[in-house]
Amino acid sequence: MSGELEQILLQLTQPDNAIIQQATAQLKLAFKDPAIIPALCAVMTGSQNPQIRQSAAVMLRMRVKKHWKKISPDHRESLKAVVLQAFQQETEHTVRHSLSQLSAVMVKHETPDRWPALFTLLNQSTKSNNPTDRQVGLLLLSKVVESNPEPFKPHYRQLLQLFGTVLQDLDNPTAMYYSILTLTAMTAYTGTEEMNLMRSLIPRLIISLKHLIKADQGQASEAMEVFDELMESEVSIIVPHIAEIVNFCLEVSADTTLTDSLRVKALSCIAFLIRLKSKTVLKQKLLNPILQTVFPVLSAAPPPGEEDPEDEENGDEGDTDNESPKHFAAQVIDTMALHMPPEKLFQQLMPLIQVCLASENPYERKAGLMCMAVLAEGCADHIRTKLLSSMLQTVCQSLSDNNQVVRSAGLFALGQFSEHLQPEVSKYCAELMPLLLGYMSGLNQAKIGHVTKAFYALENFLENLGLEIEPYLPTLMETMLSALSNAENLKLKELAVSAIGAIANAAKEKLVPYFPPVIESLKGFLTDTRDEMRALQTQALDTLSVLARTIGKDVFSPLAAECVQLGLNLTNAIDDPDLRRCTYSLFSALSTVSPDCLNPHLTAITTIMLLSLKSTEGVTAHLEEDKAFVLLDDDDDDDDAEGDAILDDEGTDTAGFSVENAYIDEKEDACDALGEIAFNTGAAFQPFLESSFQQVYELRDFPHEDVRRAAFGAMGQFCRAQHKVWQENPTETNHQALQKLLGVVLPSFLEAVRSERERQVVMGVLEAMNAVLKACQGEALQSPGRLQEISQAIRDVLKKRTVCQDGGGDEAEDDEQQAEYDAMLQEFAGEGIPLLASAVSADTFQPYLNELLPLIMNKAKSSCTVADRSFSVGTLGEILQSLVNVSGGRACAGKLSNRLLPVLVAGVRDSDSEVRNNSVFGLGALAQAAGPLVAQDYPMMLSLFSNLLSKEQDRRVIDNLCAALCRMIMSNMEGVPLEQVFPALLACLPLKEDMEENKTVYSCLAMLYSQNPAMVVSQIKPIVSASSHVLGTKDLDAETQNTLVMLLRDVAQRHSQAFEGAMRSLPAEQKMKLTAAVSQS
């Protein structure tokens, strides 16, 4: 048979399609004969043609991979012997490569202990004195270990000793390359006993990589992945060598003679190290050397006659997969901003930025601006509080630079500032809006690439303006509507549609006059099925969702049912992940406006979303072997070992996957939408809850962090949805369903807080858990031990002990400085404390509270950042507020008062208004919670407040001070000298900023009126004046409105003279409003 087989294989290599098809048919027949295995073995060892020998090896590999169990034991044994024999006698590299891959597939099925001859061969060849034999042995070793690392564990020590020798064989780069690949495959399975050995290899590894770079940059780039693997699975191995690794990577990054992909590898390795070990990087004084190397990369001019990808006119800004060293240099700085204390970073970074900005070279000016732009997210608080006006001034000046490259970078920076530096950046509205509108006026002449950047800046700025946008609305909407109806360019229409969404977020119902023409345009885009409309349709759906959420229920509800139908039609007609993602967001937005219009379609909607969650589309395992002869050129062989994971269901090894972004976004948005729809549609969603939950729960360990975060968020929403259903219909079945759900979700949240590596995911989990606690309260804590577990998780985060905080690390905590996002993570944890406090009785929570309080209080020290101080006193205030309504709360607050008073009093004297504001609130909450138990502290508190009032400029602080006085009065009236305090309080009304406190103020007035009417009547003039500002406005909720009207009505009836006198001093318009409110029954 082997002769015929060789003939068939030969025909497959002919450049003639007909011959190939005929040979393929013959081959299919031959494969039905069990004798195919020995026949292929014979060809593999006996054929004179290397191409045929290689084909036979590939065919055998496919056979073994799919049908090992069907191969008879005798054939298996002979195959094991023949492969090794063929390997030893083979002279051609390509054939050896295929043979080593065949062995690798066999090792998956036939573990090495059942194949002693393999070990013997590996042992002999890797120790041989002949360099070629060594190299070939190491090739075989790398393939079999990569394919199945675990069974080799008993031999790891021996292997590491071998690599120690090979890595010194600098004249044999290929041998070093295979050793490093094997080392990379072993890393994830290394035990503690091999750690020290591995650690000692790092210096040799760096030297051998330097030699490999000279020999073969492609292999060197692949071999550098060993650092990624070490960081991923065993970062402690490299900690002692961080400085050496960083210096090596810096050398590679700076060397412009090397390939881009190698330099990118080195830069991304530095970024990864900063993410994992920023403290070590700082401690070893590596920040400055990194910046000194990264800046020249960031400010390099492109080759003559070329542009940077983001400056190319036809470059689509959506393609940010820019694999250039410059792009990764910016990422290194972005990573520093997210993971290092801003004070330390800015000290070394600002001088470099200033040099760039002052340069004659436009690419250096661009680098300075790009650098400022990427700092905005990670160092937002630092910039907002210390540097905003100077940085904004720099950016605004750059917008009139004579070079377009610089202007574009300025627009990008402005967009980043607008996104991350709120609310302060909006205060510069008067300066920025004319600049941006100036850009808009020249729309049609400018190049679309540049216009895109102008829109990016404008949108991010508008999005957060709120009602400040009003004076600009006519100009803005005129520009956008004219672009929608007149622009030839579809990209310009897409930008205008997107900008309308941003405008709607700020203007809300003020956009109503422009709503009809906008809706007509959007509908037109959404019913046009031409392919080139796709991006515009995606954007139109996005903007439609924003309008649904912002324009007001009355305006949008009539369109809701039609929008659902539009969305469903699109998903049925067009297979596009981006389009589906936006329809899910639309359904989600519609569920907030008119949940009923979704109910009839829930089957269709959930079916399509669950398909998105299940789909592995866009997830490519790297394998391709449907057609035997496709593989004969052996070019994609390298990757298909990883693909096995999918075929064999042996747990997925994601090393072999790449996931396309659009499909990730689709999964993420499907999770978000399912959660929100489940909550808003309530009982109607019940039939779909279980299947939706199952699918979402599966994604909690998806490879991509955004999907994991969205899955945890949706799991929290499902709990809240089930809780709402049980509250509306309190049956035992609904209650059991809620408890069952909480019993799965909360433990998975806690596990994620402990062991998830990505900080953003843990923040999302804490946020979801807080939402569940807030909604379900005591129901969430029914299970024994649950309260203790959640408190423990909060404590771990506050003590920086979790995996994502580099917890249990080997560095001692240095000073209190940390990255802003690390502080934010702790804030999410801290927000859980008041929620727990309001969910159980004070006696139950007291022991846990005692452990948590010091961790919150120590962030109030004057040496801490403003954000930390504000968080600390704010959390203390919220905890006290929670104690007001739980049993045993008063006694608990009384016990805590001695510990908390000094912290809150110091906070009232703080230099930052937000800290003062939160501290004033905290003292009011303490008085409300502890009442008479803190009577002895009232005089001190009142004198503190009186002092503050005499010099406070910030209106929000004054509003909170009024509310705090009211809480003191309501809680313990005897302790307050009303004849002085009451007039001073009224003089501060109406509240200007913190309208929620109107409830407190007017409840207090009503109480005073019931206890001491004469005093209230004596002050009726300022009371009537303050009331005239708030009655009939959104500043009062319905209940408070009612309380106030009843009070005024009663005064008008019983003390008509005083009331009439007070009314006379009002302006006519307010007089009418008040008269109407009081006389309406």
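Begin the tour with the cysteines: the count comes to 0 disulfides, where a disulfide is a pair of cysteine sulfur atoms within 2.5 Å. Select Cys 582, which is in no disulfide, and look for the nearest cysteine sulfur, that of Cys 563, which is 14 Å away. Cys 582 has 0% relative accessibility and therefore counts as buried, a term that means under 20% relative accessible area with a 1.4 Å probe and protein chains only. Next select Cys 776 together with Cys 719, whose sulfur is the closest cysteine sulfur to that of Cys 776 at 6.2 Å, too far for a bond. Cys 776, at 3% relative accessibility, also counts as buried.

Before going on, note that this is a predicted model, in which local features need pLDDT of at least 70 and side-chain atom pairs count only at pLDDT 80 or more, while totals for chains, interfaces and linings use all residues. Residues are numbered from 1 along each chain as its sequence is written, and side-chain values use heavy atoms, with hydrogens and water left out.

Now select residues 156-166 and 192-215, helices H9 and H11, which pack at an angle of about 10° with their axes 10 Å apart; helices here are DSSP runs of H or I with at least four residues, numbered from the N terminus, and axes are lines fitted to C-alpha atoms over the stretch in contact, with angles from 0 to 180 degrees between N-to-C directions. That angle makes H9 roughly parallel to H11, the term for angles under 35 degrees. Show the side chains of Tyr 156, Leu 160 and Phe 163, which are among the H9 residues that meet H11, where Leu 197, Met 198 and Leu 201 are among the partners; contact means heavy atoms within 4.5 Å.

Move on to residues 955-971, helix H46, which packs against H48 at an angle of about 35° with the axes 9 Å apart. The contact is made by residues including Cys 966, Arg 967 and Met 970 of H46 and Val 1001, Cys 1004 and Met 1007 of H48.

Keep H48 (998-1011) in view and add H50 (residues 1020-1030), since H48 is one of the helices that cover the buried residues of H50. Within H50, the buried residues include Ile 1020, Ile 1023, Val 1024 and Val 1030, and their cover also includes H47 (978-987), H51 (1038-1054) and H53 (1068-1079). Finish just after H50, at Gly 1032, which takes a positive phi of about 75°.

Definitions and conventions:
Helices (H or I, at least four residues) and strands (E, at least two) are DSSP runs, numbered from the N terminus. Angles under 35 degrees count as roughly parallel, over 145 as roughly antiparallel, 65 to 115 as roughly perpendicular and the rest as oblique. Buried means under 20% relative accessible area, exposed over 50%, partly exposed in between (1.4 Å probe, protein chains only).
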